[in-house]
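Subject: Structure for you to look at

Hello,

Here is the structure I promised to pass on. Please open it beside this email and follow along.

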Amino acid sequence: MTAFAVRHGGSRQLAGTGTLLRFALRRDRLMIPVWIAVNALMVLSMPGTLEGLYGTPAERAGLVRQMETNSSLRAMVGPVFGDSLGALTAWRVGIYAGALAAVLSLLVVVRHTRDEEESGRQELVASGTVGRRASLTAALLAAAVANAVLALLVTAGLAGQGGAGALALGLGIAGVGMVFATAAAIVAQLTESARLARGLTAAVLGTAFVLRAAGDSATDDGASVLTWVSPLGWLENLRPYAGERWWVLALLAGAVVLQGAVAYALAGRRDLGMSFLPTRPGPASGRLGTASALAWRLQRGGLLGWSIGFLLAGVVYGGMTEGAADLVGDNDNARRIVERMGGQSGLTDAFLASMIGMLGLVAALWIVASVLRLHGEETSGRAEPVLANAVGRLRWAAGHLMIAFGGAALIMLLAGVGFAVGYGRQTGPVLAACLVQLPAVWVVGGVAVLLHGVLPRAAVAAWGVAGAVLLIGWVGPALDVPRAVLDVSPFGHLPKLPGGSMEWGPVAVLTGVAVLLVAGGLAGLRRRDMTT
């Protein structure tokens, strides 16, 4: 009788999970495929790229020997454990594929748990025949589906390099994704804000990357304690195509099970909409007496995290410039790829320009996230009390947009400061190179504003735009895609600084396009009905 009651209670706890899972996958029918496509193409394009760069066994063996003595590059991409195309692929993109899978997973889980509670939709859903833990289960299953599809694509696409290695890499990437999915599930129970939940989980991911980087810079075989503390370190120590360590998958599976159990236990101990770390109410006057001040209060934590991240990234990339340039300079094909990304003005300048361009692409993610805070405030119903006062829609939106667009300028400026500190030279040109990325970043932000203002239900498609830009910028130069494809991205029109000549025409045109997109979005916001 007791066992029956437990089973019966458990089934009631999960009632409606299938319906919620289908709804979650339908809502994310754009975001999940785009992120999976970006990640899979990055991985699957790498064997061909590496074959063009290091076509002979001797060249690949030389690369391995160079990496053993280059601690700065090991910190960036990890140690290399073999000289086959499969092993080099796992080395070159494995960590980053795992990180992208982690980002997608945390976004999916937080969106379908804490986001739903914060907006009030979960309360409406819970009034039906839906179990207490159904939403959490559906969110984790949605993340599992996304990671399973990614693992299948990676395994099938790399099977030609060796089936065992392809399976290990695919499962490892998916395992890292699920580790951070369950981590996000825990954080979603602890915090009252979806934005804070995303930020804290992203901070855990950033810490994992830093720990792995510190460990890999100290040793050339992934044996550092710091490397083993990080789930990203587990992925590299799985060693696909280099004598697979299948037992490492047990670490990933164990972390998923343990964290999932903690998330379920926490979910059963709190009321709907509540959290274990409730947000402290702030004053209703003074510094929060204006819409702009409220927007700053809501977004300052995220901006602080991104600012610190870009400053540290600039220091790291600046510090490894000389070593990376020396390594690339030994291979004509690698030199051509860097020059396609960073220009023809000399290898060191081209490498700096390519790394700065990569940070510009990442800054596009910040501006989309910040602009879409407007969408979150509107759909959650929190915008209505603000607009019920003497605050117009444009004034309300302007506060968030100032932070989004001004914040993009701040994080790129701090990236330039980091590059100047790490590299120790060309302070002025490096700062200029970082700031020249802004018109392209603003164009992506302008698209997000336009979608939110004119087609609010399709606002999430801005993530698809950012993902497409990221894919073109990361994979396009390595595949030597036609110039017409690169020009689809606004970043393809920017001058290649430092080293190249400053071209004001494209900068002015992109800035004008961003202004028009923002103006169109604000015009649409002013005329349409508010959504809930």
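Below is what turned up, from the overall fold down to single residues.

**Overall**

Please keep in mind that this is a predicted model. The protein has 27 helices and zero strands. There are 532 residues, and 52% of them count as buried. Take the contacts with a separation of 6 or more: 76% of them join residues 24 or more positions apart. The accessible surface is about 22100 Å². Carbon and sulfur atoms own 66% of that surface.

**Aromatic pairs**

Searching the whole structure gave four aromatic pairs. One of them is Tyr96 with Phe209: the ring centres are 6.0 Å apart and the planes meet at 55°, so this pair is tilted. An angle over 60 degrees would have made it edge-to-face. Tyr96 belongs to helix H7 (residues 85-111) and Phe209 to helix H12 (residues 194-218), so the pair ties together parts 113 residues apart in sequence. Burial differs between the partners. Tyr96 is buried, at 19% relative accessibility. Phe209 is partly exposed, at 25%. The cut-off for buried is under 20%, so Tyr96 makes it and Phe209 does not.

Trp306 and Trp366 form another tilted pair, with 6.0 Å from centre to centre and 55° between the planes. Here helix H16 (residues 291-319) supplies Trp306 and helix H19 (residues 347-371) supplies Trp366, so the pair ties together parts 60 residues apart in sequence. Trp306 is partly exposed, with a relative accessible area of 27%. Trp366 is buried, at 0%. Phe310 joins these two tryptophans, Trp306 and Trp366, in one aromatic cluster.

**Charges over rings**

Which residue lies over the face of Phe209? Arg212 does, at 4.7 Å from the ring centre. So Phe209 has two partners to look at: Tyr96 as a ring pair and Arg212 over its face. A second case involves Phe81. The charged end of Arg239 sits over the Phe81 ring, 4.1 Å from its centre.

**Gly215 and Asp216 in H12**

Stay with helix H12 for two more residues. Gly215 lies in this helix. Its relative accessibility is 0%, so Gly215 counts as buried. What does Gly215 contact, leaving aside neighbours within four places in sequence? Ser224, Leu226 and Thr227. For Thr227 there is also a C-alpha distance. The C-alpha atoms of Gly215 and Thr227 are separated by 4.8 Å, and the two residues are twelve apart along the chain.

Asp216 lies in H12 too. Asp216 is buried, with a relative accessible area of 0%. Its side chain makes a polar contact of 2.7 Å with the side chain of Arg212. That is the Arg212 that lies over the face of Phe209. With neighbours within four places set aside, Asp216 is in contact with Arg74, Gly78, Pro79, Gly222, Thr227 and Glu236. Thr227 therefore appears in the contacts of Gly215 and in those of Asp216, which is buried at 0%.

**The loop between H14 and H15**

Two residues here deserve a look at their backbone angles. Arg239 lies in the loop between helix H14 (231-237) and helix H15 (248-267). Its phi is near 55°, a positive value in a residue other than glycine. Arg239 is buried, with a relative accessible area of 17%. This is the arginine whose charged end sits over Phe81.

Tyr241 lies in the loop between H14 and H15 as well. Its phi is positive, about 65°, although Tyr241 is not a glycine. At 13% relative accessibility, Tyr241 counts as buried.

**Helix H4**

Last, a helix with a buried side. In H4 (residues 46-53), the residues Met46, Pro47, Thr49, Leu50 and Leu53 are buried. They cover an arc of only 160° around the axis, which puts them on the same side of H4. The general reason is that an α-helix has 3.6 residues a turn, so residues three or four places apart point the same way.

Best wishes

Note on methods:
Residues numbered from 1 in each chain as written. Predicted model: local features only at pLDDT ≥ 70, side-chain atom pairs only at ≥ 80, totals over all residues. Heavy atoms only, no water. Phe/Tyr/Trp six-rings, centres within 6.5 Å; stacked < 30°, edge-to-face > 60°. Helix = DSSP H or I, 4+ residues; strand = E, 2+ residues; numbered from the N terminus. Buried < 20%, exposed > 50% of the residue type's maximum accessible area, 1.4 Å probe, protein only. Lys NZ or Arg CZ within 6 Å of the ring centre and 35° of its normal. Contact = heavy atoms within 4.5 Å. Polar contact = N/O pair within 3.5 Å; in protein donor to acceptor, adjacent residues only side chain to side chain. Arc of directions from axis to C-beta. Areas by Shrake-Rupley, 256 points an atom, 1.4 Å probe, with all protein chains shown as cover.
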